[in-house]
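User: I would like a close look at one part of this model. Please take it step by step and explain each term as you go.

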Amino acid sequence: MNSTLAKIRKSSANEIKKSSTAEELEKIRLQYMGRKGALTLILRALKDLPEERRRLIGQEANYLRTAIENLLAKRLKELKSISRESVLRNEWLDITRPGVKQARGHLHPITKIKREIEAIFYSMGFEVVEGPELELEYYNFDSLNMPATHPAREMQDTWWLKLPPVTLKKQGRVVTSRLLMSTQVTQNQVRYMEKNNPPFRIIMPGTVFRREATDASHETQFTQMDGLMVDKKVSLADLKGIMETVLRRLFGPKIKTRLRAGYFPFVEPGVEMDIECLYCRQSGCSVCKQSGWIEVFPGGVVHPNIFKAAGYNPKNWQGIAWDIGVDRIAILKYKIPDLRLLRSGDLRFLKQF
Ligand SMILES: [Zn+2]
């Protein structure tokens, strides 16, 4: 009996020492002192022993029970303090330490300029209208006074899609139209006029595509923003006023402008507004090709054929239309030396804005 108690003393002490959770300690307690525990069985068997041995063994067994209980309590306390320590070690927080700065994005320079120009037009009562980037040949060229044989089409070569052509019925005739990536946003004029009646003032921002050899001032993709104003009485004088207002708001009230004749198939007459070169202030440099001026703003009076394509009677309505190259304004305003940087996705460049 004594050797059994010695075994229990040794094994219980060992197990308690190795335990690492409160659950394990509870299992050890039950194993020795539960209803069928090893020590419990010994205590229960005492009554069958002769009196002297019963006293002796009983005393030993009770001592052992107290010893195991003490060991269990001590280990439990230890485990609690270890877990508190590890929590403190892992979750320690210095609230006075400066935080980790989160990187924040910002708007792309093209988006910034686009929003700036839109805000100027909002203030003049214009509405924003958007159109598709994948366009029908009819809208992109035919409806804009550029039939298949028109030389201006050559200047605007783009990506044609290998899809079967679409058949449309326009102005009482059947038109077969291929699909292409839009080369301008001007066709949204016709798309809008087909569904709306004048008077109205709209601007049409959008991305356009050209098959170009890229260089510092040419890209295959760029952002344009066309404008169109149709009313009973609208003239070139209104157009000049709008162009000057927009350029002064973008480049400052002192910017010098000039208006000269220009040719575009959608307008008659056509004009172009230039601003003085921002680099040399008219004394001549490589950016302005020594002319002192930079073209920024083509426009004119809406061609009667465009009104006809949209189903308007050109005798009843007058219109002015123009186009702003958003990318071009961005490179002028921020003095960016190469147009291709804008869509390069290079963060070293973009982080400067
Ligand atoms: Zn210059």
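Analyst: A residue is buried if its relative accessible area is under 20%, exposed if over 50%, and partly exposed in between (1.4 Å probe, protein chains only). The model is predicted, so local features need pLDDT of at least 70 and side-chain atom pairs pLDDT 80 or more, while totals for chains, interfaces and linings use all residues. Numbering starts from 1 along each chain as its sequence is written, and side-chain values use heavy atoms, without hydrogens or water.

Let us follow one group of charged residues. Arg-258, Arg-260, Glu-272, Asp-274 and Glu-295 belong to a network of salt bridges. A salt bridge here is a side-chain nitrogen of Lys or Arg within 4 Å of a carboxyl oxygen of Asp or Glu. The whole structure holds 16 of them.

Start with Arg-258. Its salt bridge partner is Asp-274, and their closest N and O atoms are 2.9 Å apart. Arg-258 sits in strand 8 (residues 257–261) and Asp-274 in strand 9 (residues 267–276), so the pair links distant parts of the chain, 16 residues apart. (Strands are DSSP E runs of at least two residues, helices H or I runs of at least four, numbered from the N terminus.) How buried or exposed are the two partners? Arg-258 is partly exposed, with a relative accessible area of 34%. Asp-274 counts as buried, at 1% relative accessibility.

Now take Arg-260. This residue forms a salt bridge with Glu-295, where the closest N and O atoms are 3.7 Å apart. Arg-260 is in strand 8 and Glu-295 in strand 10 (residues 293–302), so the pair ties together parts 35 residues apart in sequence. Arg-260 is partly exposed at 28% relative accessibility. Glu-295 is partly exposed too, at 44%.

Two members of the network also turn up in the largest pocket. Its lining has 49 residues, and those nearest its centre are Ser-217, His-218, Glu-272, Glu-295 and Arg-328. (A pocket is an open set of points on a 1 Å grid where a 1.4 Å probe fits, with protein on both sides within 12 Å along at least five of seven lines; lining residues have an atom within 4 Å of a point.)

Which element gives the most to that lining? Strand 10 does, with seven residues. Helix 7 (152–155), strand 7, strand 9, strand 10, strand 11 and helix 11 (326–333) each supply at least two.

Strand 7 deserves a second look. Nine of the eleven residues of strand 7 (residues 221–231) are buried, so this strand is largely enclosed by the rest of the structure. Strand 6 (residues 200–209) runs antiparallel to strand 7, and ten bridges join them. (Two strands pair if DSSP finds at least two bridges between them.) In that pairing, Ile-203 has Gly-227 of strand 7 as its bridge partner. Strand 7 is also joined to strand 11 (residues 318–325) by eight bridges, again antiparallel. There, Met-229 is partnered by Ile-320 of strand 11.

For contrast, here is another salt bridge. Arg-178 pairs with Glu-137, their closest N and O atoms being 3.3 Å apart. Arg-178 lies in the loop between strand 4 (173–177) and strand 5 (179–181), Glu-137 in helix 6 (residues 137–140), and the two are 41 residues apart. Arg-178 is partly exposed, with a relative accessible area of 41%. Glu-137 counts as buried at 8%.
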